[in-house]
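Colleague: I am new to reading protein models, and I would love a close look at one part of this one. Could you walk me through the stretch around the last loop between two helices, and then show me how it fits with the rest?

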Amino acid sequence: MDTLRDRLGIWFKPYAALILTILVGGVVIVSLALLGAEVYDDVVDSAGLANLDKPALAFAEGLRSPGLDSFVTGFTNIGGGIGMPILASILTAWLTFLSRNWRPLVLIGGAAAASVTATTFGKKLVGRTRPDHADAVPLTRIRHPSPADTP
């Protein structure tokens, strides 16, 4: 009778190097995110690197046009929290089907886990606020209620 160890060995032995690579790579990426947050903390002060944001934002706003705004919004939506998981799932299923093994599923799943971990820790460590919604593409306008809106 097969033991649990034998059954797990059948699934994990062929992918041991891949799993180890993902784990080591994930630790390296999270460590670099921590190091980057420390460097960012040391560089950014009241007159530090943050002063580059305003000219960069003004330059980007000067490039705006309806066509470019639509393209950027679409590109952002594809790479966002809804579009990217859908694309990654389709690609993973296709690669798994073509290769007839689980390697793409293990690799992409591990990369996604490391990416989410690094992003989450990096955002919490840096703690930098995003630009105002008024500067977003497409422009978001805050609608103030008019007297006609009140019942």
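**A close look at the loop between H5 and H6**

Modeller: Happy to! Let's start with the whole and then zoom in. The protein has 6 helices and 0 strands, and the order of its elements from the N terminus is α-α-α-α-α-α. Please keep in mind that this is a predicted model.

Now to the part you asked about. Helix H5 covers residues 83–99 and helix H6 covers 103–126, with Arg-100 in the loop that joins them. Trp-102 is found in that loop too.

Take Arg-100 to begin with. Its phi is near 60 degrees, which is a positive value in a residue other than glycine. Is Arg-100 buried or exposed? Its relative accessibility is 64%, so Arg-100 counts as exposed, because the cut-off for exposed is over 50%. The side chain of Arg-100 also has a ring beneath its charged end: that end sits over the ring of Phe-97, 4.5 Å from the ring's centre.

Trp-102 gives another view of the loop. With a relative accessible area of 41%, Trp-102 is partly exposed, because this value falls between the limits of 20% and 50%. You can also trace a path back from Trp-102 to Thr-92: the two are 10 residues apart in sequence, and their C-alpha atoms are 9.6 Å apart in space.

Next, step back into helix H5, where Thr-96 lies. Thr-96 has a relative accessible area of 18%, so Thr-96 is buried; the cut-off here is under 20%. What does Thr-96 touch, if we leave out residues up to four places away in sequence? The answer is Asn-101, Pro-104 and Leu-105.

Helix H5 also holds Ala-88. Ala-88 is partly exposed, because its relative accessible area is 28%. How far apart are the C-alpha atoms of Ala-88 and Ala-112? They are separated by 9.1 Å, although the two residues are 24 residues apart along the chain.

With that picture in mind, let's compare it with other parts of the chain. By the rule for ring pairs, the count comes to 1 aromatic pair. Phe-71 and Phe-75 form that pair, and it is stacked, with 6.2 Å from centre to centre and 20 degrees between the planes. Those two values are the usual way in: a pair of aromatic rings is described by the distance of the centres and the angle of the planes. Both Phe-71 and Phe-75 lie in helix H4 (residues 66–78), 4 residues apart, which is about one turn of the helix. Phe-71 is exposed, and Phe-75 is exposed as well.

Another spot to find is a nonpolar surface patch of about 550 Å², made by Leu-20, Val-24, Val-28, Leu-32, Leu-35 and Val-39. Val-39 has its place in helix H2 (residues 16–43). At 45% relative accessibility, Val-39 counts as partly exposed.

Finally, here are some totals for the protein. Of its 151 residues, 11% are buried, and Thr-96 in helix H5 is one of the buried residues. The protein exposes about 12,200 Å², and carbon and sulfur atoms supply 70% of that area. Among the contacts with a separation of 6 or more, 68% come from residues 24 or more positions apart.

Technical notes. Residues are numbered from 1 along each chain as its sequence is written. This is a predicted model: local features need pLDDT of at least 70, side-chain atom pairs count only at pLDDT 80 or more; totals for chains, interfaces and linings use all residues. Side-chain values use heavy atoms; hydrogens and water are left out. Patches are made of residues with over 30% relative accessible area and no salt bridge: like charges are joined within 9 Å, nonpolar side chains (Val, Leu, Ile, Met, Phe, Trp, Tyr) within 5 Å. Accessible areas come from the Shrake-Rupley method with a 1.4 Å probe; for residues, only the protein chains shown count as cover. A salt bridge is a side-chain nitrogen of Lys or Arg within 4 Å of a carboxyl oxygen of Asp or Glu. Helices (H or I, at least four residues) and strands (E, at least two) are DSSP runs, numbered from the N terminus. Buried means under 20% relative accessible area, exposed over 50%, partly exposed in between (1.4 Å probe, protein chains only). Contact means heavy atoms within 4.5 Å. Rings of Phe, Tyr and Trp (its six-membered ring) pair if their centres lie within 6.5 Å; planes under 30 degrees apart count as stacked, over 60 as edge-to-face and the rest as tilted. A charge sits over a ring if NZ of Lys or CZ of Arg is within 6 Å of the ring centre and within 35 degrees of the ring normal.
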